[in-house]
Amino acid sequence: MTDDDIPQQQDGMVTAGDPGWAQIGLTYRQLDYWTRVGFLHAVQQAPGSGFDRRWPATEIEVAARTLAWMAVGVKVSTAAQYAREGLDVPAVGAVILLRPT
């Protein structure tokens, strides 16, 4: 996914209703939880669920990387850390050397 693929408003922000989240396979429930625990960073924080939040459009890319790491068996907290660091999932058959957390 490139920045051109990410739907965004004029100010480069996205809301929970933007289709980019669904395009990568992230549910609203996951979006809400991942934001509350700090895996994704909203610029407009809200107390709990049901409140309008806005995220930089780049957070969709972080979420997509997190989901990709989870798909190869990495737990969500570690996957989110790797995604935040910009690490892509290695190609199939590659040797993965992970540092201890």
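## Exercises on a predicted model

In helix α4, which spans residues 76–84, the buried residues are Thr-78, Ala-79, Ala-80, Tyr-82 and Ala-83. The structure is a predicted model, and the exercises below start from this helix.

**Exercise 1.** Find out which helix the buried residues of α4 pack against, and identify the salt bridge that links Arg-84 of α4 to a distant part of the chain.

*Solution.* Begin with the packing: the buried residues of α4 lie against α3, residues 58–71. Next, turn to Arg-84, which forms a salt bridge with Glu-59, where the closest N and O atoms are 2.7 Å apart. This pair links distant parts of the chain, since Arg-84 belongs to helix α4 and Glu-59 to helix α3, 25 residues apart. Finally, compare each relative accessible area with the cut-offs, by which buried means under 20% and exposed over 50%: Arg-84, at 33%, is partly exposed, whereas Glu-59, at 4%, is buried.

**Exercise 2.** Follow the chain beyond α4 and determine which residue of α3 forms a salt bridge with Asp-88.

*Solution.* After α4 comes Gly-86, whose phi is positive, near 85 degrees. Further along in the segment after α4 is Asp-88, which forms a salt bridge with Arg-65, the closest N and O atoms being 2.8 Å apart. Arg-65 is in helix α3, and the two residues are 23 residues apart, so that this pair too links distant parts of the chain. With a relative accessible area of 52%, Asp-88 counts as exposed.

**Exercise 3.** Work out why Asp-32 and Arg-36 are separated by about one helical turn, and name the network that they belong to.

*Solution.* Asp-32 and Arg-36 are four residues apart in helix α2 (residues 28–37), and therefore about one helical turn separates them. In general, an α-helix has 3.6 residues a turn, so residues three or four places apart point the same way. The side chains of Asp-32 and Arg-36 meet in a salt bridge of 3.1 Å, N to O. Asp-32 is buried at 6%, while Arg-36 is partly exposed at 47%. Salt bridges that share partners join Asp-32, Arg-36 and Arg-53 into one network.

**Exercise 4.** Decide whether the rings of Trp-21 and Trp-55 are stacked or edge-to-face.

*Solution.* Planes over 60 degrees apart count as edge-to-face. The ring centres of Trp-21 and Trp-55 are 5.4 Å apart and their planes stand at 70 degrees, so the pair is edge-to-face. The two are 34 residues apart, with Trp-21 in helix α1 and Trp-55 in strand β2, and both are buried.

Technical notes
Residues are numbered from 1 along each chain as its sequence is written. This is a predicted model: local features need pLDDT of at least 70, side-chain atom pairs count only at pLDDT 80 or more; totals for chains, interfaces and linings use all residues. Side-chain values use heavy atoms; hydrogens and water are left out. Rings of Phe, Tyr and Trp (its six-membered ring) pair if their centres lie within 6.5 Å; planes under 30 degrees apart count as stacked, over 60 as edge-to-face and the rest as tilted. Buried means under 20% relative accessible area, exposed over 50%, partly exposed in between (1.4 Å probe, protein chains only). Contact means heavy atoms within 4.5 Å. A salt bridge is a side-chain nitrogen of Lys or Arg within 4 Å of a carboxyl oxygen of Asp or Glu.
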